[in-house]
Amino acid sequence: MTKAKPVQSKLKWNKSSLIETDLYIRVYLAALNSLMTPEDKQTLFVVSKFFTDGAAETGRGNCRVADYNFRRGEAYYEAIDAEKQVLRRMINNVYHRSKSFYHYRQGDFDEAIRLVETTLQNNRVLEKQGFGFLVLDRAQQYYNLSRIYFTKREMEQGLSVLSGSISFLIQGKSKQLPDLNDHLMKEYSADLKRMRYLLLCQMLFDTAEQLMRTEDKDTFLKNGKLFYTEVIEAAKEMLILSPEEAGLKKWLLLLKDFYAGKYTAFKKKATAYLEKEPNFYGERPVAILQQYLARA
Amino acid sequence: MKFKLSRYVLISDPLDQKDDLRTERIVFSTRTGKGIKITNYVIALIREGEYTSIPDRLFTILMYHEIIVPEDEEEQDLVVQRKKLTAQDALQRQANLLIRDTATTTSEINAWTPDDLPALKNFMEQDSVVKTLQLSVAVEVKSLERGLDHFAKIRNRIRSFGMGEEVETEYRLVFINPVITGMIDFLPLDNPSFDALSFYFSAPPGKENETALLHYLSALSAAVKRLPYLQRLPLSCHFMLEGIDSSGLAASLPIFKELSLCRNLKLHIDLGSLRGCSAEKELSFMLELERAGIRAFFLPAIDDKYQLAGKQEMASSVVDLTTAYKTDVNGIGNREYGEMKVFYDDDFVQALQQDNLRCSHCVYLPLCGGRTGKKNDDSDCPAFTRNFMKKVEFMYSFSLEKPEA
């Protein structure tokens, strides 16, 4: 394929990939089983499919088919009893996210942003009704929001949102996105803690790799500072819930010297780190650090 | 919400002799082209409407594959609409150019602007955040060397239009019945100018063409062995073998087998089903190939539009097949649609014809799922039910085999 940019370098729309893992499904189904009737659950699955299909077709560039799927799903949604609030909200969780992506791809950014914001509000209500894990979904929605800002070339806005969301995942609270401070991360269940760590790594390294692709040195440093300043601050207060997470904290704190312009110190510490520290998340953090060394 | 079993679902015979509640069957959805194995017990639950007794994970798989659908869904309408809209969407993303071996000189190519290539221009003017362009350049030349040269120049020219950062393109070089003797000498050793490669070979009947097929296959096989990129790039080979008997292919079977083992190669073999080959003949040939251990697609190549376009007289040396296919299908279509009227309601046939949708009623995944639309007749399209389940079982048995390294 001839591409102007390799596909991997683009920030992927996060729908999220966690949905594919058994962990998320387990947490999700456990919540559904305790809060919905079997019939409503099945209605949720079937109606949601129209919207996830709509998003998938949008991703393939099939706008007409996507639109057709959305309209069919919307009709089924309308037919659901208004009293079934939880069911309707859960469907909306999928609907708003999928439709936001559709509008984004159509270039209708205002509507895409509005729908992300609606998802965020909708999630907050559901979280209080027993779907606490959706706070992590909110973190991902901010990731999607940042993607819209980047496409609009509003880099500062995008990096600020991204940084706020990742800081939340690091220390359980965010200065820039205070609405995420609803819950106490320390009190999460084991599954939820694990999900939080996986999401954090995924979002952090996707962003790190994306930022690394900026060739122009000044832009690279500027964007890096915009993103990493709050993230590194958050790292100092990182909530460490497993041994691997200590590895991530050390990795993040290395970047402090780089962005402070202390390249000699950075090179020394980073080289020592690469020699001694075990991998905490496969090759990606190692590769990124090596690229930083090359740029120092 | 209430559900039902899709009418477009095929259920195989039991996969073991006992046929008790735990025995599995293949349930194949012609709507999605996916099949799964489930037990007689689960099938009974579905038939009896006991959906809430089905475990969540299994339920989501069944509904994801559209084996279970909303009870009020007008399935035929949905299938036709989706096909129509998908075709329209796909046309929007494609620019298919056919370059004829007339005087398309270098200076002509270098003078092209987007205005000379309307399909490309149409694509470039679309408004969307990410664009993927599938550009196929079919070079209808006998000489491989000339074709490669043309292609490289065309590619450079199109690149110079500057389509913007977000566009992804795939340059596919298509050869139609080229002379391939000495093919290895013409293909580059490395860094080819194409991202994907297709060969079309059509063999009208006759003894000498069986020999020609054998030579063609040998040259292709030698090239694939020698050139590393031919084991990596998407490569498709389409053999239109209308009129050749399966006995006439005996000598070619070992090479077909060799080629079919390449992971990146899609081998399409078309016995001309759309042009008069009977369903029984096609099936017996498939079984023959199965016995020989050959994996191939027995479906008409999606790109058979190149063949169709070739049948018309085209004035210009550059043909935009994106729209040529649409108009040309009507010529072929009338005969096919006439056949379809035996089984389907007139208005259904008309709807398909209007949107240039073909009914691949025994060859490709059918639009109708094999069911008739005739109001007074509930019987299934016989070609479909006789043939299609055999194909599904055939592909299923292939899927159980591990490919050789």
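**Salt bridges, burial and the chain contact in a predicted model**

Modeller: In this predicted model, a network of salt bridges links R124(A), E127(A), R138(A), D179(A) and D182(A). A search over all chains of the whole structure finds 30 salt bridges.

Colleague: What makes K41(A) and D56(B) a salt bridge?

Modeller: The side chains of K41(A) and D56(B) meet at 2.9 Å, N to O. A salt bridge requires a side-chain nitrogen of Lys or Arg within 4 Å of a carboxyl oxygen of Asp or Glu, so the pair qualifies. The pair crosses between chains, from helix α2 of chain A to helix α2 (residues 56–64) of chain B.

Colleague: Why are K41(A) and D56(B) called buried?

Modeller: Buried means under 20% relative accessible area. K41(A) has 7%, so K41(A) is buried; D56(B), at 14%, counts as buried as well.

Colleague: How do you know that E73(B) and R72(A) meet in a salt bridge?

Modeller: Their side chains are 3.9 Å apart, N to O. The cut-off is within 4 Å, so this pair also counts. The count between chain A and chain B is four salt bridges, and eight residue pairs are in polar contact between these chains, both residues being at pLDDT 80 or more. Among the elements that give two or more residues to the side of chain A that touches chain B are α1 (22–35) and α3 (63–78) of chain A. The most comes from α2(A), with 11 residues.

Colleague: How many residues does the contact take from each chain, and what area do the chains bury between them?

Modeller: The contact takes 37 residues from chain A and 42 residues from chain B. About 3,300 Å² is buried between the two chains, 54% of it on carbon and sulfur atoms.

Colleague: Why is E74(A) called partly exposed, and is K99(A) buried or exposed?

Modeller: E74(A) has 22% relative accessibility; partly exposed lies between 20% and 50%, so the term applies to E74(A). K99(A), with a relative accessible area of 13%, is buried. E74(A) and K99(A) form a salt bridge, with the closest N and O atoms 3.2 Å apart. This pair links distant parts of the chain, from helix α3 to helix α4 of chain A, 25 residues apart.

Colleague: What makes α6(A) largely enclosed by the rest of the structure?

Modeller: Of the 18 residues of α6(A), 17 are buried, so the helix is largely enclosed. Helix α6 of chain A comprises residues 134–151 and reaches 26 Å from its first C-alpha to its last, close to the 26 Å expected. S146(A) has its place in this helix and is buried, with a relative accessible area of 0%.

Colleague: Why does S146(A) count as being in polar contact with Y143(A)?

Modeller: A polar atom of the side chain of S146(A) lies 2.6 Å from the backbone oxygen of Y143(A). The cut-off is within 3.5 Å, so the distance satisfies it. Leaving aside neighbours within four places in sequence, S146(A) is in contact with G158(A), V161(A) and L162(A).

Colleague: How do you know that the buried residues of α6(B) are on the same side of that helix?

Modeller: The buried residues are L144(B), G147(B), L148(B), H150(B), F151(B), I154(B), R155(B) and I158(B). They cover an arc of only 165 degrees around the axis, and therefore lie on the same side of α6(B).

Key
Residues are numbered from 1 along each chain as its sequence is written. Chains are lettered from A and ligands numbered from 1 in the order in which they are written. This is a predicted model: local features need pLDDT of at least 70, side-chain atom pairs count only at pLDDT 80 or more; totals for chains, interfaces and linings use all residues. Side-chain values use heavy atoms; hydrogens and water are left out. Buried means under 20% relative accessible area, exposed over 50%, partly exposed in between (1.4 Å probe, protein chains only). Helices (H or I, at least four residues) and strands (E, at least two) are DSSP runs, numbered from the N terminus. The arc is that of the directions from the helix axis to the C-beta atoms. Contact means heavy atoms within 4.5 Å. Buried area is the accessible area (1.4 Å probe) that two parts lose on being put together, summed over both. A polar contact is a pair of N or O atoms within 3.5 Å; within protein, one must be able to donate a hydrogen and the other to accept it, and residues adjacent in sequence count only if both atoms are side-chain atoms. The expected span of a helix is 1.5 Å times one less than its number of residues.
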